[in-house]
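Below is a set of questions and answers for a first-year student. Keep the sequence and the 3D view open while reading.

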Amino acid sequence: MSMSKSLLNAFPTEAEASADGMRPPKLHQRQILIDGELKAWTGPVRSVFSAICARGENGSLEQIELGSYPIGGLADAEQALAAAVAAYDDGRGEWPTMTVAQRISCMQNFTKQMVAKRDEIVRLIMWEIGKTLSDSQKEFDRTVEYIKATIDALKQLDNTNSRFLLVEGTIGQIRRTPLGVVLCMGPYNYPLNETFATLIPALIMGNTMVFKPPKFGVLLFVPLLEALKSAFPKGVINTVYGKGAEIVPMLLESGKVNVLTLIGSSKVADHLKKMHPKINRLRAILGLDAKNAAIILADADIELAVKECVLGALSFNGQRCTALKILLVHRLIADKFVQRFAEEVSKLKAGMPWESGVTITPLPELGKVDYMTRMIEDASSKGAKVINEGGGSLSGTLFYPAVVYPVSEGMMLYREEQFGPIVPIMPFDDIKTALDYVVTSEHGQQVSVFTQDSGTVGKLVDQLVNQVCRVNINCQCQRGPDVFAFTGRKDSAEGTLSVTDALRSFSIRSMIAAKQTDSSKKLLDNIINDHTSNFIHTGFIF
Ligand code: G3H
């Protein structure tokens, strides 16, 4: 049977999808969260189609409808922005002036409600974007862990700041304070986790939010709306839906957004930032494009390199910003590596995300499949081949991974971020060629280096750490553990995300200072003893 035929057969019929697939009940979202209210929505809606198709009797494929959500317009976005601005109230609102302990308590309440929705959300992640069941569960659990770690990190940060400094006759107390209104837009590949990796720290630091869910993975936030409404004061978090190209420019042009946080493309981020009337007032915390390379040297442990590169390039169909998007292999071992790599790729099972042992699953964006095909055609017309059997075959939204070799400069795959299941492999003779690839790239997120030689790795690391922000030695690129700094150079990121760094990214230090005189001491003593300030205090959060 051809690969395309077996991909087609991997899709369930309507009946099978309902019986085996943990299919979520149809969800027609008719509420939006604005100003502490779940407002009824009567305007236009957009249907949500699953990455998963239903196979008809005649072999036709149709993406399964999961429900629909509101397409908000400019007026709705203006209301959401006005609510966030009012809740912040130039830093005088209830949320930005609350004690850190009170904000933590709101977040704990939210987390408790979120955990109760685990199964519903996991099913929606799986069905909306086609992520495997185990990876959808991991995404949820990792997010909850991230929130808990954020709370712990904030306690530690705030406790450290619960003391006064006495320097050169001045008494000071320094804490981190919010920045204002944050516009938060997450990506579709980690719709819950990466969105919350910015939204949660931004919220807990006292900012107020305008939140636009990703283009795929929008319904999975519906089960959280009630928790977002009840756990935080009104207007602290507000949702916007609809066409980003229409709404987002208005939000930025208003000059009322203080922080833009976006996980997406550098082109979009660049364009959006310029829309703010006072760019110097806009802080941007961005996770952007990446084209992480693996450099596999002649002395590498080939089996280890193959294992890590298969995982690095093809976990969640290669739809990770941290995925290995090109493999640069020393020519001395290239044939052996390519052969072993293709053998391992051919063991990857394509199927539906709820099936056990499945790695390759449907892609949420049908147009992406065409783009993948164009990239392969381009490489083939310039001398490369798909070297794994069935590679590049497709059926509906399922695309079987293609290992393309030898890739060279001038092919789309050489520089473009495929963000999908294609693995370009380029041989090199001299390490300088591999280093030049990294140096001349527009991206600077991470790199993987495979070698056994400590001298070589030492020298390479010294150069590579100034090109990217994480050098992975004999292992794939990845973001975790989440306490590690996640950032990038060039067009790959702005600002740093990690449990602790994110708290800093979404806040600014502010302090009080007074002369070390008797009257100041008495005044500060009274503030502390009478608890007249939420900022000036020496309390400890346990
Ligand atoms: O898409 C980018 C994600 O942040 C990658 O995270 O390396 O844990 O898969 P990950």
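Ala, Val, Leu, Ile, Met, Phe, Trp, Tyr, Cys and Pro count as nonpolar, Asp, Glu, Lys and Arg as charged, and the others, Gly among them, as polar. This is a predicted model, in which local features need pLDDT of at least 70 and side-chain atom pairs pLDDT 80 or more, while totals for chains, interfaces and linings use all residues. Residues are numbered from 1 along each chain as its sequence is written, and side-chain values use heavy atoms, with hydrogens and water left out.

Q: How do the residues of the shell around the ligand divide into nonpolar, polar and charged?
A: A residue is near the ligand if one of its heavy atoms lies within 4 Å of it. The residues around the ligand are Arg142, Asn189, Tyr190, Glu194, Arg320, Cys321, Thr322, Gln478, Arg479 and Phe486. Sorted by class, the shell holds 3 nonpolar, 3 polar and 4 charged residues.

Q: How far is the polar side-chain atom of threonine 322 from an oxygen atom of the ligand?
A: A polar contact is a pair of N or O atoms within 3.5 Å; within protein, one must be able to donate a hydrogen and the other to accept it, and residues adjacent in sequence count only if both atoms are side-chain atoms. Arginine 142 places a polar side-chain atom 2.8 Å from a ligand oxygen, and asparagine 189 also has one at 2.8 Å from a ligand oxygen. For threonine 322 the distance is 2.7 Å.

Q: What percentage of the area that the ligand exposes when taken alone does the protein bury?
A: Accessible areas come from the Shrake-Rupley method with a 1.4 Å probe; for residues, only the protein chains shown count as cover. Threonine 322 has a polar side-chain atom 2.7 Å from a ligand oxygen. Taken alone, the ligand exposes 300 Å², and the share buried by the protein is 95%.

Q: Which strands are the edge strands of the open sheet of 7 strands?
A: Strands (E, at least two residues) and helices (H or I, at least four residues) are DSSP runs, numbered from the N terminus, and two strands pair if DSSP finds at least two bridges between them. The order in this mixed open sheet is S17-S20-S21-S14-S13-S23-S24. Pairing on one side only marks the edge strands, S17 (385-386) and S24 (470-473).

Q: Which residue in S21 is the bridge partner of leucine 327?
A: Strand S14 (residues 324-330) and strand S21 (residues 422-428) run parallel and are joined by 4 bridges. The partner of leucine 327 is isoleucine 425.

Q: Why is one side of S1 and of S4 left without a neighbour in the sheet?
A: The order of this open sheet of 3 strands is S1-S5-S4, with mixed pairing. S1 (27-28) and S4 (45-55) stand at the edges, so one side of each has no neighbour in the sheet: each has a single partner strand.

Q: Which residue takes a positive phi in the hairpin of S4 and S5?
A: S4 and S5 pair in the antiparallel sense over 8 bridges. Valine 48 has glycine 67 in S5 as its bridge partner. The hairpin has 5 residues between the strands, and the positive phi, near 85°, belongs to glycine 59.

Q: What is omega for the cis peptide bond from tyrosine 405 to proline 406?
A: Most peptide bonds are trans. Proline 406 lies in the loop between strand S20 (402-405) and helix H15 (412-415). The bond from tyrosine 405 to proline 406 is cis, with omega near -10°.
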